2 protein chains.
Amino acid sequence: MDNKKTDTEALNQEIINRIKPSMPKKELLYDLSDFFKVMGDSTRIQLLWALEESELCVGELSAILDMTKSAVSHQLKVLRTAKLVRSQKRGKNVYYSLNDEHVQIIVKMALEHVCE
Amino acid sequence: MDNKKTDTEALNQEIINRIKPSMPKKELLYDLSDFFKVMGDSTRIQLLWALEESELCVGELSAILDMTKSAVSHQLKVLRTAKLVRSQKRGKNVYYSLNDEHVQIIVKMALEHVCE
DNA sequence: ATTATATATGAATAGTTGTTCAAATGTCAA
DNA sequence: TTGACATTTGAACAACTATTCATATATAAT
């Protein structure tokens, strides 16, 4: 009897058939990678790092990071859209604070990975 | 006596002076954001996800992800450079496996954030 | 040696992203 | 209202990234 496939390919198929259905669905996949994309910028990490210490307004964050208020505001919008921070207007200022407990733990984990 | 600054700016300076020195150094910052950048791609997340189940070669990964072997190989190189996977040549195949325990925990944490 | 298979690589391209700049909005004080 | 301050926004530009395609390398079998 003629096996259509070479034996290397036969070996593959078994494990492929087992793992392929256990892969995450597209939507979850995008949500996951989008989350990491948001974390994958040094400006945004600095913002989260600072906000871990205290609620801060845009001007203060801009002074702490040594960056334009505009650049900071743009990045805060990204963090807000990702629901990682929340904002609250008080007078002329807009105060930002952390919105998610997971983030601090994830950053800590990443630190352990990076510092080894 | 003449205060050079308005009172809104005076309020700022105190908190800025406290937080600014506690910010992470540039190098750590880049290491951190580089790590998240690597995770911030759905193809690479799929690769890590699959490798969590078993050691796999490029052809198998390419079949599981439904992607070109070339594209998979390119992304595996990124993961290898980031030391998230390691490779081992056996015969004609190159087998990849996870190289870091932190990653699985971090992905799990990110999942919890994303699925709420 | 030649052929087939497995993987890696480089160049090219299309798409995405972060910062800057200028301008708009909103808030308070005089 | 006018002016000063705080923040947001949109457009533009440069830098980066993921995939494709063609090709190169390496291993095994004939």
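Me: Which element supplies the largest share of the surface near DNA strand D?

Reply: One reads such a surface by asking which helices and strands its residues belong to. In this predicted model, α5(A) gives the largest share of the surface near DNA strand D, namely five residues.

Me: Which residues are the closest to DNA strand D, and how many surround it?

Reply: There are 24 residues around DNA strand D, and the closest are A:Gly59, A:Ser70, A:Tyr96, B:Thr43 and B:Arg44. Of the atoms of DNA strand D that come within 4 Å of the protein, 67% belong to sugar and phosphate.

Me: Which polar contacts may be read at DNA strand D, and which atoms of the strand do they involve?

Reply: One looks for pairs of N or O atoms within 3.5 Å. A polar backbone atom of A:Gly59 is 2.6 Å from a phosphate oxygen of DNA strand D. The side chain of B:Gln75 has an N or O atom 2.9 Å from a phosphate oxygen of this strand, while a polar backbone atom of A:Lys92 is 3.5 Å from a sugar or linking oxygen.

Me: Which elements give two or more residues to the surface near DNA strand D?

Reply: From chain A these are α4, α5 and β3 (93-98), and from chain B they are α3 (42-53) and α5. By class, the residues of this surface divide into six nonpolar, 11 polar and seven charged.

Me: How many residues lie around DNA strand C, and which come nearest?

Reply: DNA strand C has 26 residues around it, of which A:Arg44, B:Gly59, B:Ser70, B:Asn93 and B:Tyr96 come nearest. Sugar and phosphate make up 70% of the atoms of DNA strand C that come within 4 Å of the protein.

Me: What parts of DNA strand C do A:Ser70, B:His74 and B:Val58 approach?

Reply: The distinction to draw is between base and backbone atoms of the strand. A:Ser70 places a polar side-chain atom 2.8 Å from a base nitrogen of DNA strand C, and B:His74 places a polar side-chain atom 2.8 Å from a base oxygen. For B:Val58, a polar backbone atom is 3.2 Å from a phosphate oxygen of DNA strand C.

Me: Which element supplies the largest share of the surface near DNA strand C, and what classes of residue form this surface?

Reply: The largest share, five residues, comes from α5(B). The surface near DNA strand C has six nonpolar, 12 polar and eight charged residues.

Me: How do α4(A) and α5(A) pack?

Reply: For a helix pair, one reads the distance between the axes, then the angle and the handedness. The axes of α4(A) and α5(A) are 9 Å apart, at an angle of about 110°. These helices are therefore roughly perpendicular to each other, and their crossing is right-handed. A:Val58, A:Gly59, A:Leu61 and A:Ser62 of α4(A) make the contact with A:Lys69, A:Val72 and A:Leu76 of α5(A). By class, four residues of this contact are nonpolar, two polar and one charged.

Me: How do helix α3 of chain A and helix α2 of chain B cross?

Reply: The axes of α3 (residues 42-53) of chain A and α2 (residues 26-39) of chain B come within 9 Å and cross at roughly 110°. That angle makes α3(A) roughly perpendicular to α2(B). The crossing of α3(A) and α2(B) is right-handed. On α3(A) the contact is made by A:Ser42, A:Ile45, A:Gln46 and A:Trp49, and on α2(B) by B:Leu29, B:Tyr30, B:Leu32, B:Ser33 and B:Phe36. Six of the residues in this contact are nonpolar, three are polar and none is charged.

Note on methods:
Residues numbered from 1 in each chain as written. Chains lettered and ligands numbered in written order. Predicted model: local features only at pLDDT ≥ 70, side-chain atom pairs only at ≥ 80, totals over all residues. Heavy atoms only, no water. Axes fitted to C-alpha atoms, helices over the stretch in contact; angles between N-to-C directions. Helix = DSSP H or I, 4+ residues; strand = E, 2+ residues; numbered from the N terminus. Parallel < 35°, antiparallel > 145°, perpendicular 65-115°, else oblique. Left-handed = near helix turned anticlockwise from the far one by under 90°. Contact = heavy atoms within 4.5 Å. Nonpolar A, V, L, I, M, F, W, Y, C, P; charged D, E, K, R; others polar. Near = heavy atom within 4 Å. Polar contact = N/O pair within 3.5 Å; in protein donor to acceptor, adjacent residues only side chain to side chain.
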